[in-house]
Every structure is written in C-alpha cells, then in structure tokens.
Amino acid sequence: GQVYNPDLHSEGVPFVQRATAGTLRVEGVGGRLVGDSSARSGVLTDTERAHEKQRLQQLVKEFAKLVVRGLSCEWVVEGNAVPATYYLHQDLRRFQVRTKSDQPEQQTFPLVEVEDILTTRVGTQFEAGVSTKDDRFCCMVRRTPAGPEHVGLFFPTPDDADRFFTCMKILVWTLTTREMAQPDAPTNAKV
C-alpha cells in the first residue's frame with residue numbers, strides 16, 4: 001500500500017511513499033489529503049496546505065499532458081502481464097488501456113466508475129502471481145453492473161506507479177466530486 005507523508009513535499013521527492021499498508025484518502029470538500037499512517041498527526045498550516053495544493057496541481061497537470069499521449073505499462077490480462085499503453089482521453093474523463101500487439105486488446109471506461117485505486121494485490125484477483133513487481137503494481141477497482149472489476153497494471157518503475165496512484169486518485173476524486181455537485185452538467189477535469 002501507499003501512504004501520504006506530508007513531510008515529503010520537496011521537489012523531486014515522490015508525493016507518496018511505499019508502505020506495507022495504507023491508502024491515500026481525500027476528505028471533505030476542501031480536499032484534505034490524509035493517509036492512515038501516523039507519520040505526522042498534526043494538521044498542515046495554511047501555508048503548507050497552499051504549497052502542497054500547488055505542488056499537487058503541477059504534478060497532475062504534468063501527468064495529464066503525458067498520459068493523453070499514452071504511457072507504457074504492463075496490463076494483467078488473463079493472469080499474464082502483457083506490454084500495454086494506458087491513456088486518458090483529452091477531456092480527462094475516460095481511461096483506456098491497450099496491449100501492444102498485432103491484435104491489440106483494449107479496455108475503456110469512464111473515470112467516475114473507478115471506486116478505488118489499490119497498490120496491493122491482496123483481496124483482488126491478482127493476489128497470486130509474480131511478487132517481485134509488487135512495488136510497481138496498481139489496481140483500479142471499477143464499478144460495473146456485474147460487480148467490481150479489477151484492472152491490474154504494472155509500471156516501469158516504482159516512481160511511475162506512485163505517480164499513477166497519486167494523480168489518478170486526484171483526478172477520480174475531482175471528477176466524482178464535480179459530478180455529485182452537478183450531476184447533469186458537463187465538466188472538464190481541470191485541476
């Protein structure tokens with residue numbers, strides 16, 4: 001799992017760090033980011049909060065510019081990790097993953113269907129399997145009429161997995177929050 005560590009907010013240091021358990025949660029309309037680790041139990045000052053918000057906005061903006069063109073990963077298809085590319089559509093509302101093969105497979109879905117993003121295979125269909133890549137794994141749990149569906153991805157580096165986890169959590173939260181506030185209004189996921 002991954003936890004938010006507010007002490008790690010200088011340039012060049014990942015927003016999240018790997019841990020044996022934990023998740024990033026965004027609480028309240030103000031978007032307070034918290035982790036379930038007790039790395040720091042104090043509340044951020046207004047200055048720290050403004051700095052962190054600005055840093056996260058820049059991180060997501062840079063990620064969005066890259067991901068609309070496509071980023072490499074391995075997609076777990078029928079128990080095998082196959083080379084793939086993942087994308088966000090230009091409006092940042094739809095996610096797509098596509099295999100890199102002569103006969104590509106692909107999956108596309110709205111981000112608002114994403115219930116969670118995990119950094120552990122425990123409790124998913126991917127629980128058994130290659131463990132040497134665990135620090136590069138993320139699983140998107142999406143809501144479907146048939147029940148939860150898991151989309152498992154391995155990334156080239158642990159930092160790439162951390163960036164995916166952080167930015168996708170923020171993008172999903174942004175879209176979900178806006179949709180709940182204005183369910184019939186079209187929105188763009190600009191953060």
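Two strands count as paired here if DSSP finds at least two bridges between them. With that in hand, the predicted model can be walked through from strand 5 to strand 8, one pairing at a time.

Start with strand 5, residues 71–77, and strand 6, residues 80–88: these two run antiparallel to each other and share 7 bridges. One of the contacts to look for is Glu 74, whose bridge partner in strand 6 is Pro 83. The hairpin linking strand 5 and strand 6 leaves 2 residues between the strands, and Glu 78 there takes a positive phi near 50°.

Strand 6 also pairs with strand 7, which covers residues 94–99; again the sense is antiparallel, this time over 5 bridges. Within this part of the sheet, Thr 85 sits opposite Arg 98 of strand 7. The hairpin made by strand 6 and strand 7 has 5 residues between the strands, and Leu 92, in the turn, shows a positive phi of about 60°.

Moving on, strand 7 and strand 8 are antiparallel partners too, with 5 bridges. Gln 96 has Thr 108 in strand 8 as its bridge partner, and the hairpin connection from strand 7 to strand 8 passes through 6 residues.

Strand 8, residues 106–110, is worth a look from both sides. In a regular strand, side chains alternate between the two faces of the sheet. In strand 8, Gln 107 and Phe 109 make up the covered face, while Gln 106, Thr 108 and Pro 110 lie on the uncovered one. Thr 108, then, is both the bridge partner of Gln 96 and part of the uncovered face of strand 8.

How values were computed: Residues numbered from 1 in each chain as written. Predicted model: local features only at pLDDT ≥ 70, side-chain atom pairs only at ≥ 80, totals over all residues. Heavy atoms only, no water. Helix = DSSP H or I, 4+ residues; strand = E, 2+ residues; numbered from the N terminus. Buried < 20%, exposed > 50% of the residue type's maximum accessible area, 1.4 Å probe, protein only.
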